[in-house]
Amino acid sequence: MTNGPAPAFIPLSVPELRGREWDYVKDCLDTGWVSSVGAYVDRFERAVAEAVGVAHGVAVMNGTAALHLALRIAGVQAGDEVLVSDLTFIAPANAIRYLDAHPVFVDADPVTWQMDATRVEAFLAGSCRREGERLVNRETGRRVACLLPVDVAGHPVDLDPLLELARRYGLPLVEDASECLGAHYKDVPAGSRADMACLSFNGNKVITTGGGGMLLTNREDWARRAKYLSTTAKDDAVEFVHGEVGYNYRMTNVLAALGCAQLEHLGPYVARKRAIAARYREGLAGIPGLLPMEEPPWARSIFWMYTVLVDPAAYGLDSRGLLAELGARNIQARPLWQPMHLSPAHAGCQTLGGAVAERLNRQGLSIPCSVGLTDADQDRVIQTLAGLARS
Ligand SMILES: Cc1ncc(COP(=O)(O)O)c(C=O)c1O
């Protein structure tokens, strides 16, 4: 590196807030509708549900809350087991634990990086038995209650084999589509075919409400129950009668207003993410040892977190060495998540495989891919990656 002023910081993934956010939030402030009911909440729920092609959306304070509600509504109870992706942000595993249920971590497919359906099938067929209506894990004696695949890094999971297994074994399937709003699986929006799907509108997602989430479902009874549980299970708002222990999980009108403004740009934002991915693919093609994330033929990814696998033998640095070098040049990057089976938070949980998730964690590095990333900044990232490669 040469001396001189530090180059401008290029962040990994930051929100784009250049639409009608100010107008809609101001409207909330002007009218006093700032709290947990209001026209923007209803509008945001309808608009997101319509964008994903499901009948109902229930807005909540974050994606983790949506997962917690979805699992409870799917019938997961204390002591049950839920099959969940091993390679994921920790939220879905935590949501299982909030119900005093047990995650069973399923390794990633080496090509798609998503939950490996062949491992799910082998587990359900070979390691479980039927006890009347219940499907029981032979090793633990616990009921297997639900499948919870995650759409990892903006790519949809290969849902059909998992849905077929869910139907065959009578299990509900909740899709964690938090990273995948705007993606398509076999020409339908990701999240539209699961029994329930959950979204996050955290600040680094393709659209954001600052913090927020949504539960999506075609079942009216489940949507009603999600609204009820997220509203402290209130039966009588005047007398404060609560039918059971619920949660205060509702999204505020102010945040929903942000969401409505953001959603107006979902199409262009997804197009921009895909253009960034295409440009990276081309720009990185000649650099040995950087393998870009693949898009399977059945997927139309949003490339939420653009990620490369770093082969240290070919590139000359491993992913953490590259992370440090990029950081020194004011370019933010980030490894993929620690696999859940290695997380101290979930120590001791059963895992089906795990070596693929470990390799993806070891080699994966996400690089700047904000919707607002300029071509000039992207060129700087590409040139820096090329310059650091073994010559
Ligand atoms: C896969 C996945 N699930 C769940 C969440 C949790 O969402 P939130 O941060 O809104 O609680 C996130 C991200 O934040 C995520 O990436």
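**Exercise 1. Find the lysine that UniProt lists as a modified residue, and describe its surroundings in this predicted model.**

Step 1. The unreviewed UniProt entry lists K205 for "modified residue: N6-(pyridoxal phosphate)lysine".

Step 2. Now find K205 along the chain: its place is the loop between β10 (196–200) and β11 (213–217).

Step 3. Is K205 buried or exposed? Its relative accessible area is 13%, and buried means under 20%, so K205 counts as buried.

Step 4. Look at the contacts of K205, setting aside neighbours within four places in sequence: they are S178, E179, S200 and W304.

**Exercise 2. Work out which parts of the chain the salt bridge between R167 and D195 ties together.**

Step 1. Start with the distance: the closest N and O atoms of R167 and D195 are 3.4 Å apart, and the cut-off for a salt bridge is 4 Å.

Step 2. Place both partners. R167 lies in helix α6 (residues 159–169) and D195 in the loop between β9 (188–189) and β10, so the pair ties together parts 28 residues apart in sequence.

Step 3. Check accessibility: R167 is partly exposed at 48%, while D195 is buried at 18%.

**Exercise 3. Trace the salt-bridge network that includes R279 and D375.**

Step 1. In the pair R279 and D375, the closest N and O atoms are 3.9 Å apart.

Step 2. R279 belongs to helix α9 (residues 266–284) and D375 to helix α13 (residues 375–388), so this bridge ties together parts 96 residues apart in sequence.

Step 3. R279 is partly exposed, with 27% relative accessibility; D375 is also partly exposed, at 39%.

Step 4. Finally, add R272 and D379, which are linked with R279 and D375 in the network.

Definitions and conventions: Residues are numbered from 1 along each chain as its sequence is written. This is a predicted model: local features need pLDDT of at least 70, side-chain atom pairs count only at pLDDT 80 or more; totals for chains, interfaces and linings use all residues. Side-chain values use heavy atoms; hydrogens and water are left out. UniProt positions are given in the numbering used here, feature names are shortened, and annotations may be inferred rather than shown by experiment. Buried means under 20% relative accessible area, exposed over 50%, partly exposed in between (1.4 Å probe, protein chains only). Contact means heavy atoms within 4.5 Å. A salt bridge is a side-chain nitrogen of Lys or Arg within 4 Å of a carboxyl oxygen of Asp or Glu. Helices (H or I, at least four residues) and strands (E, at least two) are DSSP runs, numbered from the N terminus.
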